[in-house]
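I opened my notebook with a fresh page for this model. The plan was to look at one chain by itself, then at what it touches.

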Amino acid sequence: MDAVEHSPNTPLEYQSETGRLNILGFWIFLGAEIALFSTLFATYFVLDGRTAGGPVPAELFEVKGVLIETFLLLTSSFTCGLAIHYMRRHSLKGLFLWIGITLALGLSFLGFEIYEFVHYIHEGAALTTSAYWSAFFVLTGTHGAHVAMGIAWIALILIQLKQRGLTPDTSRKVFISSLYWHFLDVVWIFIFTAVYLLGMVM
Amino acid sequence: MKWDEFFVTGDPLIYGADVSIALTLIGVIFVLTYFKKWKWLWTEWLTTVDHKKLGIMYVMAAVMMLFRGGVDALLMRAQLTVPDAGFLDSTHYNEIFTTHGTIMIIFMAMPFLIGLMNVVIPLQIGARDVAYPFLNAVSFWTFFMGAMLFNISFVIGGSPSAGWTSYVPLAGLELSPSVGQNYYLLGLQIAGIGTLLTGINFLVTILKMRAPGMKLMQMPIFTWSSLITSVIIVFAFPVLTVALALMTFDRLFGSHFFTLMDGGMPMLWANLFWIWGHPEVYIVILPAFGMFSEIISTFARKTLFGYKAMVYSMVVIAGLSFLVWVHHFFTMGAGGAVNSFFSITTMLIAVPTGVKIFNWLFTLYKGRIKFTTAMLWSLAFIPNFVIGGVTGVMLAMAAADYQYHNTYFLVAHFHYVLISGTVYACFAGLHFWYPKMFNHRLNEKLGKWTFWIFVAGFNLCFFPMYFLGLAGMPRRVYTYGAADGWMSLNVLATMGGVLMGIGFLILVYNIYFSFRYSPRETTGDPWDGRTLEWATAAPVPFYNFAHVPEVKGHDAYWIAKKEGRAKEKKPYKPIHMPSNSGVPVIMSTFFFISGFGMVFSWHWMSIAGLIGVLATMVIRSFDYDKGFYVSVEEIEKHEQTTE
Amino acid sequence: MANNEQTHSHFPWSHVIGFALSIILTLFALWVGFESGLSNTMIVVVVVGLALIQATIQLVMFMHMTESEDSKYQTGTILYALFIAIAVVVGTIWVMSFGMSHM
């Protein structure tokens, strides 16, 4: 079944049977991730406002910090897309450059998020403070943990790229990890909107 | 922590269990060592990625869990037979109904069905394995380790006792301070990983790995039901993952999702639990429907009536199953509009199910019916399931539910759907596909004994419970008074339970008896089957099909037999197969270690376990093993021995 | 493959346009929230709508959801996931409001 039904123009990651199967499977996994984050959002909305006399979000959220985090992640999603663009033009150098930038942006995002969390905890809003803050920390923390996992995962794939160059296998892995990375940005768009923006406005 | 807090002490039943577990373990180790079988165990079973072997292990584990859950059930029946019985105290009773429910749903029904799916689906679609054989092994081992973690609770640390639904605040830290509830949370969490992966795996397998020519609307109906089940798994299990994680955070790290203090909402747990829980009901019933359809069609020797209606009704169920969850807690008081909405969706979902009942009846109509054991289970399913279904619609009416809720009426209802639906299907499917797993049939005579005794026992056990419920007996009570007047019906129910136990024992004996005395299969098609799994040789070679079959319509093998293409000879080509791997079982062992550490809040242990999990993932990522090719000579050798 | 010319053109136009749109939509959502003077309900509707548009941009322009032979399955998965997301989020909020108005 290999080596049939694709033109030379087909991107490398789709050329093997495994590549096609794994990419489809990963899309389905992302569907499951959507269900997972939906549940966390639903929990967050239900517990919204249940601050039990403790700090309320509008006191603590700041537009500047949130915007920095948002633009870091948005830009990293863009650079990750560029990395795939270069991969499809068989430019290993371009791929390394843009993936490197993506990881750097991801790490800075994580740094800002950890700083933000530490700040909130200093202000008396921790996981154990109230239902609202439990929901906040678990929702944003799950996203942050995904970002951290993504960075580690992509770093491992970079090592494999270094060892093996661009093959149907390595390009499949890069492509799938890029799907993951973009997806984390999709989730962040909703966190930005529903948690921070509406949390500040309402 | 002192040792007597670590091990469960003070109960003779538990000591008995301790001794029997220790003896069994010693026995297994002795046998494996004496017969020098360790290497065989490792290479043939622990590291296998073959869907058929994984399926067999799923089924064996499920039968073990059926035994454990069944013993729990009989203990409960023993306690409830007469008023004011002192056989079990209230705590012990609570633990037993909790483990009974959890084990039967999560560790018996699902793995039994998933095991049969594993054995059958790749064969039915003419594939050589699933899409991700490695992940399939991870699925099995995480399920197995999750199940073991849950099961050791009754000798180490104590069992959970807040019911299989684990409603808070009862399941919260204040009212359930022991580690039992942690076992529930982590055992289900670890097993849930495996289930989610199974869902993704079978979805891709069925969408992408079908033999050439097999269109979606030509797939065998069991394949269709597995496809829809996989869709539901993929979207329902993440909800459970989150719900379990949130309660774990509440109990271990002091968050306030479901607590009574600091803004938590206990009822949110019920909501999240049932968003998963109702689709879960369909996860365990749709594959059952698929199996009955195959079996009824085979032994009525007719094409399934209303194939398209069957498929569409399952598609509708897949959507609606996510829109009915509130009917599990109408009495929580979510308001008139909410209750009415979910009442209506619940009644709606009965419609596609009703459609299927008529399709089975019309398939039987004018069929030349063969009454094999598998067929008997399928025939008994129809009336029994209708009883369960109709009482379900009674429960769907929110206003009436205030009367039935939390009584034995409900207990009777869900046992009627789950046993006559899922358990009958497991037994029917086991008899039907047993030749594909073990290359011999189960003895039909013993099978029929099991059938009659179990079905009689089942109806004797659960039919009286409807009346107990109407007479006001609440569920989950560990005893009742003589003045309540519930004794006679309870005696009947216990007698029924004992009969079911006897039926199960005959089944286990049948497995042994057939292993020893049943003639080995020679053709691979013992029932004059219709679908592609019967086109494989006996025993099924590890690569399944020497030639990938060509499909020219629904009931592909039947058509091939009719056209005389069933035994065609063509030149062989090398076959690509995946390599075995020890990573899944090792990774899952680390999951177990991590989970065990979390149960006791030994964080050094849980972190060490998680590092182990991550390390095995890294090892897997750097592993570029691409499997191997089976040479033409080897295929020829296999095909000669199997014909 | 549907996107050959896109893949092999020299300048990644679709990515740049997607990125620009994301930034504009983010800033616009911010403006709607703080400066537009709309009612709270309208703000919720508009910013959630903007978020959905931005998510679609990511899925189609960055993640190439609609490319490859399996684009039907991929798109179907995401649409079904959207149905689940709405059922879970809206359903939960409604059920847990106990007849009281929320927010």
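**Chain C, alone and with its partner**

I began with the surface: chain C exposes about 5200 Å², and carbon and sulfur atoms supply 73% of that area. A note to myself before going on: this is a predicted model, and every value here is computed from it.

Next I looked up the secondary structure. I found four helices and zero strands in chain C, so to speak an α-α-α-α pattern when I read along the sequence.

Then I checked the packing. Of the 103 residues of chain C, 46% count as buried. I also took the contacts in chain C between residues at least 6 apart in sequence, and 53% of these join residues at least 24 apart.

On to the partner. How many residues of chain C are in contact with chain B? I counted 17, and they meet 24 residues of chain B. The two chains bury about 1700 Å² between them, with 80% of it on carbon and sulfur atoms. I asked which three residues give the most on the chain C side, and the trio is C:W94, C:V95 and C:F98, supplying 32% of the area that chain C buries against chain B.

Last, I went through the polar side of this interface. The rule finds two salt bridges across it. I noted one that joins the side chains of C:D70 and B:K208, at 2.9 Å from N to O. By class, the side of chain C that touches chain B has eleven nonpolar, four polar and two charged residues. My final entry is the polar contacts: four residue pairs across the interface of chain C and chain B, both residues at pLDDT 80 or more.

Notes. Residues numbered from 1 in each chain as written. Chains lettered and ligands numbered in written order. Predicted model: local features only at pLDDT ≥ 70, side-chain atom pairs only at ≥ 80, totals over all residues. Heavy atoms only, no water. Contact = heavy atoms within 4.5 Å. Buried area = accessible area lost by both parts, 1.4 Å probe. Salt bridge = Lys/Arg side-chain N within 4 Å of Asp/Glu carboxyl O. Polar contact = N/O pair within 3.5 Å; in protein donor to acceptor, adjacent residues only side chain to side chain. Nonpolar A, V, L, I, M, F, W, Y, C, P; charged D, E, K, R; others polar. Helix = DSSP H or I, 4+ residues; strand = E, 2+ residues; numbered from the N terminus. Buried < 20%, exposed > 50% of the residue type's maximum accessible area, 1.4 Å probe, protein only. Areas by Shrake-Rupley, 256 points an atom, 1.4 Å probe, with all protein chains shown as cover.
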